[in-house]
Amino acid sequence: EVDVPEDHPRYESLLTRHRIEDGVAKGITSQQGLIAQGRGEAFDYLLGEETTPSADEAERVAAAHLLLAEHAVLSVNGNVAALCPGELVELADVVGADLEVNLFNRTEERMRAIVEHLEAHGATDVKGLAADARIPGLSHERAKVDADGIYDADVVLVPLEDGDRAEALSAMGKTNVVVDLNPMSRSPQTAAVPVIDNVVRAIPNVTRHARDLADATDDELRDIVDAFDAEAALADAEARIRDGGDGSID
Ligand code: ATP
Ligand code: MG
């Protein structure tokens, strides 16, 4: 455990950074994960380190998609495993989704370390180790998925996914929910639902919305999904970054 003074003005941000450092030390997070974290922090800073109203809306839409899904899968990489393992397990429980470890730089050692880490946080039946199916259009290592996991899913939540793979998953006809702090990155731009927020805030907020929508009918959930405008969500995040606001006078 780390010693960050709780009264530090950027307490949350420092805590998050330490979780990633810890992830690297434990063999869960890759060294490239540190760089991804740095990029994320920069965008989070520009977004005000808070969930914007439009991100909150996207998180509600994400919850509706997960609840409507025949088979939802939450994809887990080394960064999110280090940042919010318990929160991912909880979301999977609430919406009835599978968890699948899916790495950009796949090593069997890191795969196993992440599966064990998720199990230590209460997960059962974590997918990803079988790797008995392939995403079409990607190179061998990056194409590996489980036949009864991501390959079979109709809705996939991919936090911090690489642009190519996000695109390949969409090309397979899957509904892609991408959590990424950079609205200009290709990954959220190819997503059905771009969630421009820190995964640390986004995942528990999707869970909160899913609980809130637990009694909604499929028609009500479909109305929420249909009303969503992905382009507008991206544009709103970009306006915030550029203007320090949502474009309105405040
Ligand atoms: P591409 O254009 O192919 O998507 P990229 O420029 O996004 O590539 P990556 O290495 O995939 O390159 O970047 C990591 C992404 O993850 C960045 O967009 C960064 O903002 C995002 N990110 C990092 N940490 C977090 C976090 N905690 N929550 C949400 N997003 C994050
Ligand atoms: Mg990206």
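**Exercise 1. Ala131 and Asp125**

Classify Ala131 as buried, partly exposed or exposed in this predicted model, and compare the result with that for Asp125.

*Solution.* Step 1: count the C-beta neighbours. Ala131 has 19 of them inside 10 Å. A residue is buried if 20 or more other C-beta atoms lie within 10 Å, and exposed if 12 or fewer do. Ala131 therefore counts as partly exposed.

Step 2: repeat the count for Asp125. With 9 other C-beta atoms within 10 Å, Asp125 is exposed.

Step 3: locate the two residues. Asp125 lies in the loop between helix H6 (108–120) and strand E3 (133–134), and Ala131 lies in the loop between H6 and E3 as well.

Step 4: examine the backbone. Most residues other than glycine have a negative phi. Asp125 has a positive phi of about 55° although it is not a glycine. For Ala131, likewise not a glycine, phi is positive at about 50°.

**Exercise 2. The chain as a whole**

Determine whether the chain is as compact as a globular protein of its length.

*Solution.* Step 1: take the inventory of secondary structure. The chain contains 12 helices and 7 strands.

Step 2: compare the radius of gyration with the globule rule. The chain has a value of 17 Å, close to the 18 Å that the rule gives for 250 residues, so the chain is as compact as a globular protein of that length.

Step 3: add the overall dimensions. Along the principal axes, the C-alpha atoms fill a box of roughly 55 × 50 × 35 Å.

Step 4: consider burial and contacts. Of the 250 residues, 46% count as buried. Among contacts between residues at least 6 apart in sequence, 65% join residues at least 24 apart.

**Exercise 3. The nonpolar core**

Identify the residues with the most contacts inside the largest nonpolar core, and the helix that gives the most to this core.

*Solution.* Step 1: describe the core. The largest nonpolar core has 63 residues, and those with the most contacts inside it are Ala62, Leu66, Leu88 and Val195.

Step 2: assign the contribution. Helix H3 (residues 53–68) gives the most to this core, with 8 residues.

Step 3: list the contacts of one of these residues. Leaving out residues up to four places away in sequence, Ala62 touches Leu157, Val177, Val193, Val195 and Val206.

Step 4: turn to Ile203, whose place is in helix H10. Ile203 is buried because 28 other C-beta atoms lie within 10 Å of its own. Beyond residues up to four places away in sequence, Ile203 touches Cys84, Glu87, Leu88 and Leu91. From Arg142, Ile203 is 61 residues away in sequence and 24 Å away in space, C-alpha to C-alpha.

**Exercise 4. The shell around ligand 1**

Which helix gives the most residues to the shell around ligand 1, and how is this shell composed by class?

*Solution.* Step 1: establish the shell. There are 20 residues around ligand 1, of which Ala36, Gly40, Gly163, Asn182 and Ser185 come nearest.

Step 2: divide the shell by class. It has 8 nonpolar, 8 polar and 4 charged residues.

Step 3: trace the contributing helices. H2, helix H4 (78–83), H9 and helix H10 (199–212) each supply at least two residues, and H2 gives the most, with 5 residues.

Step 4: inspect Leu34, which lies in helix H2. Leu34 counts as partly exposed because it has 15 C-beta neighbours inside 10 Å. Apart from its neighbours within four places in sequence, Leu34 is in contact with Ile20 and Val24. Leu34 and Asn79 are 45 residues apart in sequence and 8.3 Å apart in space, C-alpha to C-alpha.

**Exercise 5. The annotated binding site**

State which residues UniProt places under the feature "binding site", and describe the surroundings of Arg39 and Arg186.

*Solution.* Step 1: read the record. The unreviewed UniProt entry gives Arg17, Arg39, Asp180, Leu181, Asn182, Arg186, Ser187, Asn198 and Val199.

Step 2: assess their distribution. These positions are spread over 183 residues of sequence and are also spread in space, up to 24.0 Å between C-alpha atoms.

Step 3: place the two arginines. Arg39 lies in helix H2 (residues 31–46), whereas Arg186 lies in helix H9 (residues 186–189).

Step 4: classify them. Arg39 is partly exposed, with 14 other C-beta atoms within 10 Å. Arg186 is also partly exposed, with 16 other C-beta atoms within 10 Å.

Step 5: list the contacts of Arg186. Not counting residues up to four places away in sequence, Arg186 touches Gly163 and Glu167.

Technical notes. Residues numbered from 1 in each chain as written. Chains lettered and ligands numbered in written order. Predicted model: local features only at pLDDT ≥ 70, side-chain atom pairs only at ≥ 80, totals over all residues. Core = buried A, V, L, I, M, F, W, Y, C linked by C-beta atoms within 7 Å. Helix = DSSP H or I, 4+ residues; strand = E, 2+ residues; numbered from the N terminus. Contact = placed C-beta atoms within 7 Å. UniProt positions renumbered as here; feature names shortened; annotations may be inferred. Near = placed C-beta within 6 Å. Nonpolar A, V, L, I, M, F, W, Y, C, P; charged D, E, K, R; others polar. Rg over C-alpha atoms; globule rule 2.2 N^0.38 Å.
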